[in-house]
Amino acid sequence: MISRLTSALVRAVLIMVLVATPSLLLPGVRPDTIQIVSLFAIFGAFLTFVEYYSIYPSLVEFRDAPPFNRMRYISLFLTVFLLSVIFRGQTEPTTLTQFVEATGSLIGQAIDFPYSPVRLMVLILPEDASLESLTLVRTTAGLSYLISLIGLSVFVILLRLQGWPSHTKPFNVWVNLPTFDPTAGGDVVERLNRDARFNIALGFLLPFLLPAVVKAAANIFDPIMLDSPQTMVWTMAAWAFLPSSLFMRGIAMGRIASMIAEKRRQSCALAEQNGLQPA
């Protein structure tokens, strides 16, 4: 109980740090913005604490199956932190901000080619956008996209090195996939494989679809606001994090389906072996 309480408290604090990071790093944050961010941080921390302290799951997937949520958190936190550092450097430059911005600029230029996700993010800017705005968007988009790709690659490597999910340790599908109903009908393995393929396909398409959605929304609402660093940080972070997260979910569900199929084969082989033994 004490271990579960400590684990839930640590995760709640980490969520608060994640939500509050842009407000802590960016200069000139208004008091009303700080109050709203504080409310979101407390709300997120409360939900995280309740989810991880409770014995019964509700929404968080792979709660007891690291490194899924750990890699997602690290990837998102690095993205938010580094983007906040870049935007802080626009008004209060330091050696760190200049180094991060220069690195992001090189990455953005390297992957800014026709029809690339970074190029599509640059194209959502208004036609009268300045060169500095174009460079800033390309820098933040390139850095965000690279972090998501590195996080996804590390996740796949860890799964292979750890043999996740382990065939020797029990894997509770109900705890780790609370929104997945095994009794909904159809074969569980087929449904898991179908969901895995859907998540991977959606994760591949989202970096191309989200800029189009933002561009369409800009025609109705205000265009993307470069004068609001917090909005830019969370927009870029979501654009890079959501596809990577869907990729991770699809890969994880595919491996769970493979584990269940392997367990079935072992059970069938054992049953046949026992059936051939003399009475």
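**Note on a predicted all-helix model**

1. Among contacts in the protein between residues at least 6 apart in sequence, a contact being heavy atoms within 4.5 Å, 79% join residues at least 24 apart.

2. This is a predicted model, in which local features need pLDDT of at least 70 and side-chain atom pairs count only at pLDDT 80 or more, while totals for chains, interfaces and linings use all residues. Residues are numbered from 1 along each chain as its sequence is written, and side-chain values use heavy atoms, with hydrogens and water left out.

3. The protein holds nine helices and zero strands, where helices (H or I, at least four residues) and strands (E, at least two) are DSSP runs numbered from the N terminus. Its C-alpha trace spans about 85 × 45 × 40 Å along the principal axes.

4. Of the 279 residues, 41% count as buried, that is, under 20% relative accessible area, with exposed meaning over 50% and partly exposed in between (1.4 Å probe, protein chains only). The accessible surface, computed by the Shrake-Rupley method with a 1.4 Å probe, comes to about 15900 Å², and 68% of it belongs to carbon and sulfur atoms.

5. F43, F46, L47 and V50 make a nonpolar surface patch of about 410 Å²; such patches consist of residues with over 30% relative accessible area and no salt bridge (a side-chain nitrogen of Lys or Arg within 4 Å of a carboxyl oxygen of Asp or Glu), nonpolar side chains being joined within 5 Å. Of these residues, L47 lies in helix α2, residues 31–53, and L47 counts as partly exposed because its relative accessibility is 46%.

Notes
Patches are made of residues with over 30% relative accessible area and no salt bridge: like charges are joined within 9 Å, nonpolar side chains (Val, Leu, Ile, Met, Phe, Trp, Tyr) within 5 Å.
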